[in-house]
Amino acid sequence: MKITKVEGFHLRLPVVEERCDGTQDAFIVRIHTDDGLVGIGEVDSSPHVMKAIYEAPMSHTLCYGLSRLLLGENPLDVERLWDKMYRGTIYYGRQGAAIQAISGADIALWDILGQATGQPVYALLGGARRTHLRPYGSVLFGETPEETARIGASLVEQGFTAVKFGWGPFGQSEAGDIAFARAAREGLGDEADLIIDVGWAWDVKTAIRRVRRLSEYRPAFIEEPLPADDWDGYARLTDAVDIPIAAGEEECGRLAFRDFMDRARIDIVQPDVTRAGGITEMKRIARDAADRRRIVINHSFTTYINIAASLHVLATLPEAPFLEYSMAPSAIREEMTHETFPVENGLVALPQGPGLGVHLDEEVLRRYLVEETVAE
Ligand SMILES: [Mg+2]
């Protein structure tokens with residue numbers, strides 16, 4: 001089998017607002033083969049940058065665009081192709097955007113491998129240890145504590161047993177943080193798990209004080225209280241408090257995650273399968289995490305391609321307490337795939353078809369398409 005065509009699609013909502021919501025645009029990868037199998041993947045990054053990384057011509061043997069590296073290759077050699085893409089982009093890659101771009105192709109290759117073998121991806125990753133994941137509804141804080149409480153109550157009503165509030169007005173003052181956390185807890189009631197994504201708003205001393213102060217509202221974990229690069233701050237914080245600290249959505253590649261776990265000593269790592277290096281690299285990151293007794297929770301704030309890929313990986317891990325599940329009201333997220341992975345009895349089921357088990361709605365893809373790259 002040979003790869004005959006590599007496509008990248010940049011989708012964008014008609015109005016994109018300045019808020020921390022990755023569902024407002026998308027970069028979708030589609031890989032075609034000579035025997036008719038087609039795999040899809042996604043990258044959560046700047047679609048414009050991703051398009052450039054796919055279509056760049058070769059500069060020299062350590063500096064290729066990804067499409068050129070993939071054309072003519074056997075798509076079933078997934079790990080060999082991961083290493084080929086890593087090596088072939090190393091003059092501008094190694095971390096960041098190039099690893100993000102590789103993620104999209106890697107997910108599409110796993111989709112093809114699953115279809116070619118008639119197996120869901122999780123079966124090829126060593127086998128599922130669970131049939132369902134427990135999602136937490138992932139939302140931004142309301143503009144006010146009252147709105148935050150209403151959002152929480154409505155998510156519990158929709159069947160969620162855990163909710164994460166993030167960013168927005170949180171983190172500006174102690175009084176404000178207490179008011180928002182209390183309102184979130186009141187909205188959720190006593191039973192549901194509350195998760196708080198601080199969005200980098202604190203420094204380390206504030207974080208130590210504030211995490212202790214907010215423990216009254218029983219957060220299951222606290223995410224990104226410090227700037228992503230403050231690894232020493234994370235180490236001081238995790239040593240000082242009992243509530244688990246989570247971070248890592250900005251990290252790309254297993255080497256970065258290994259350093260992050262060892263130096264920042266965080267309790268929960270949050271690789272995004274569409275950024276951290278795809279399914280291949282997320283499995284490697286998860287192995288490193290398990291060896292260090294750390295928990296992996298996916299970061300996912302884009303489409304159901306991301307959710308499907310995350311489900312396949314999380315299903316195979318020794319521990320997987322949660323699935324991040326974006327509730328952003330985006331037509332790209334809600335309509336671009338035929339499958340939408342609904343929450344039923346508080347749980348999300350693994351996809352069961354061969355491959356990723358998620359399929360593009362071509363008409364919706366074209367509706368939000370702003371530019372594409374095609375190599376064949
Ligand atoms: Mg986050």
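**View 1. Helix α4, its length and its surroundings in the predicted model.** Helix α4 covers residues 97-117, and at 1.5 Å a residue these 21 residues should span 30 Å, which agrees with the 31 Å that separates the end C-alpha atoms in this predicted model. Of the 21 residues of α4, 18 are buried, so the helix is largely enclosed by the rest of the structure. The residue that follows α4 is Gly118, and its phi is positive, near 70°.

**View 2. The contact between domain 1 and domain 2.** The domain assignment of the chain places residues 3-118 together with 361-375 in domain 1, and residues 132-349 in domain 2. Between the C-alpha centres of the two domains the distance is 26 Å, and the contact draws 32 residues from domain 1 and 31 residues from domain 2. On the side of domain 1 that touches domain 2, at least two residues come from each of β3 (38-43), α3 (78-88), α4 and α14 (362-368), with α4 giving the most, 8 residues. Sorted by class, this side of domain 1 holds 15 nonpolar, 10 polar and 7 charged residues.

**View 3. The open sheet and its edges.** Eight strands form an open sheet with parallel pairing, in the order β11-β10-β9-β8-β7-β6-β5-β12. The edges are held by β11 (295-296) and β12 (323-326), each of which has a single partner strand, so that one side of each is left without a neighbour in the sheet. Within the sheet, β9 (residues 245-247) and β10 (residues 268-269) run parallel and are joined by 2 bridges; here Ala246 stands opposite Ile268 in β10.

**View 4. Helix α7 across strands β6 and β7.** Helix α7 (residues 174-188) lies across β6 (162-166) and β7 (193-197), and runs at about 150° to β7. From its first C-alpha to its last, α7 reaches 21 Å with its 15 residues, close to the 21 Å expected at 1.5 Å a residue. Just after the helix, Gly189 takes a positive phi of about 80°.

**View 5. The buried residues of α7 and what covers them.** Asp177, Phe180, Ala181, Ala183, Ala184, Arg185, Gly187 and Leu188 are buried in α7. An α-helix has 3.6 residues a turn, so residues three or four places apart point the same way. The cover over the buried residues of α7 includes the strands β6 and β7 as well as the helices α6 (145-157) and α8 (204-214).

Methods. Residues numbered from 1 in each chain as written. Predicted model: local features only at pLDDT ≥ 70, side-chain atom pairs only at ≥ 80, totals over all residues. Pairing = 2+ DSSP bridges. Helix = DSSP H or I, 4+ residues; strand = E, 2+ residues; numbered from the N terminus. Contact = placed C-beta atoms within 7 Å. Axes fitted to C-alpha atoms, helices over the stretch in contact; angles between N-to-C directions. Expected span 1.5 Å × (residues − 1). Buried ≥ 20, exposed ≤ 12 C-beta atoms within 10 Å, placed from the backbone. Domains from an automatic or database assignment. Nonpolar A, V, L, I, M, F, W, Y, C, P; charged D, E, K, R; others polar.
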